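Visitor: Hi, I'm new to this one. Could you walk me through a few bits of it?
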Amino acid sequence: MSKNTDSNYGFELSALKLEPLTFWEGAAMIVGTDIGSGVLALAYGARLAGWPILVFWLVITAVFTTISMFYTVEATLRTKKPLQISGLAERYLGQGGSWLLFAAVVVNSIGCLVAYTSGSGNILSSFLGVPRSVGSLLFFIPSTLVVWLGLRATGVAEKGLTICMGTMMVILIAASVVNKNFSVANLISRNWYYGIPVFNLTIFSYISQYLVPELTRGFAASGKIRELPRSITVGRIFSFLLFAGIPMAAIGLQGKENVSQVVTIAWGEALGQWAFFTANLFALCAMMTSFWTIGETLLTNIVDRFKFPDEHNPKYRIIALLLVIVPPFYLAYSGMVDFVNAIFYSGSFAGVVMSIMPIFILKKARLTGDREPEWTCGGYYHPVIQLAICVLFLGAAFYAVFQTLGLLPAGW
């Protein structure tokens, strides 16, 4: 092993730097990435199908997307040069695979950021009485600052704000369940006619594969690579509890007829003024934590894909950052997409690519990788599991196409 790799925990020096992360910072980054616009749209998107169907899809999606993330962990650990997920695809699948995965990262990231732009504008407009576009700008300024500061700043900020978010949700869910208007009858109805599109929303909510190379760099720098899979799992458990708990509280309290597209708006109003502000403060925090991780990973994917010489070089970082923040702001105020549909379509395309392609990346990495991994997937890399991933996520993508053509029912 070379001197370069010795000084970087077995990885080579590259444009992407190693910045240390702790176990809980890694878990918080998973939660922060997951808990964004998706969690705010799940109640509205599942209101016709029903809460039990939502929970069913949340469990299925959590299991298989987490396994897909484990594939990316092992592939990253088999590669000396720190690469983003599109760089891994280029290394093992060639230019075609790299551009396809890069397109998936961009589509998913821009879909998220469009939803955050629109949602933050709505919330801050109602809070402050300012135009929606001004509200979005007020959201973008602190969000962009953390992305500019890099991976270490993102991890620290995620941990602090995720704790605050969890506390707010425990209070709001408890207040909903003990409210006299909460009805279990609102939660037990289900209708599979509207059920399949809910899967696409849960895919979007759980897409975090592009975060794995960032986490690998962070855990390598802290010398605790073997803790990474457990950190991912813990983060995913917390995400599931919030994904299931927030729609349960909102639908149980309001009934399916009164759920708003951004769940916290009508849900907070139903509980009272204190809850309106608390719920929408949570929504802003959720969008901000997800903005940080998604903005950071999109920025470094741009650095990696376009071969910028150094992610911290101010000139190249400004170019990459502008590519991150300008398109979603334009799309959000062009009237081209709304909040829930931005989530549905980006989840349908990006979810299938980012969940299936790690199968093939890892297969090639096991044959041609240049580094001995500290951890491997073991039984998770089984042909039956791989087939299930392909069938589920390709099915979701085909459903989205046929729904767009009017051949299958929409979910909301």
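Guide: A term to start with: a crossing is left-handed if the near helix is turned anticlockwise from the far one by less than a right angle, and right-handed if clockwise. Helices are DSSP runs (H or I, at least four residues), numbered from the N terminus. This is a predicted model, where local features need pLDDT of at least 70, side-chain atom pairs count only at pLDDT 80 or more, and totals for chains, interfaces and linings use all residues. Residues are numbered from 1 along each chain as its sequence is written, and side-chain values use heavy atoms, with hydrogens and water left out.

Visitor: OK, so which hand is the crossing of α9 and α16?
Guide: That crossing is left-handed.

Visitor: Which residues meet there, α9 to α16?
Guide: From α9, Ile196, Pro197, Phe199, Asn200 and Ile203 meet Leu392, Phe393, Ala396, Tyr399, Ala400 and Gln403 of α16. Contact means heavy atoms within 4.5 Å.

Visitor: And Leu394, where is that?
Guide: Leu394 sits in helix α16. Leaving out residues up to four places away in sequence, Leu394 touches Val352 and Ile356.

Visitor: How far apart are Leu394 and Val352?
Guide: They're 42 residues apart in sequence and 5.9 Å apart in space, C-alpha to C-alpha.

Visitor: Why does Leu394 count as partly exposed?
Guide: Because its relative accessibility is 39%. Buried is under 20% relative accessible area, exposed over 50%, and partly exposed in between (1.4 Å probe, protein chains only).

Visitor: New topic: which residues are buried in α14?
Guide: Arg317, Ala320, Leu321, Val324, Ile325, Pro328 and Ala332. Their cover includes α5, α6 and α13.

Conventions
Helix = DSSP H or I, 4+ residues; strand = E, 2+ residues; numbered from the N terminus.
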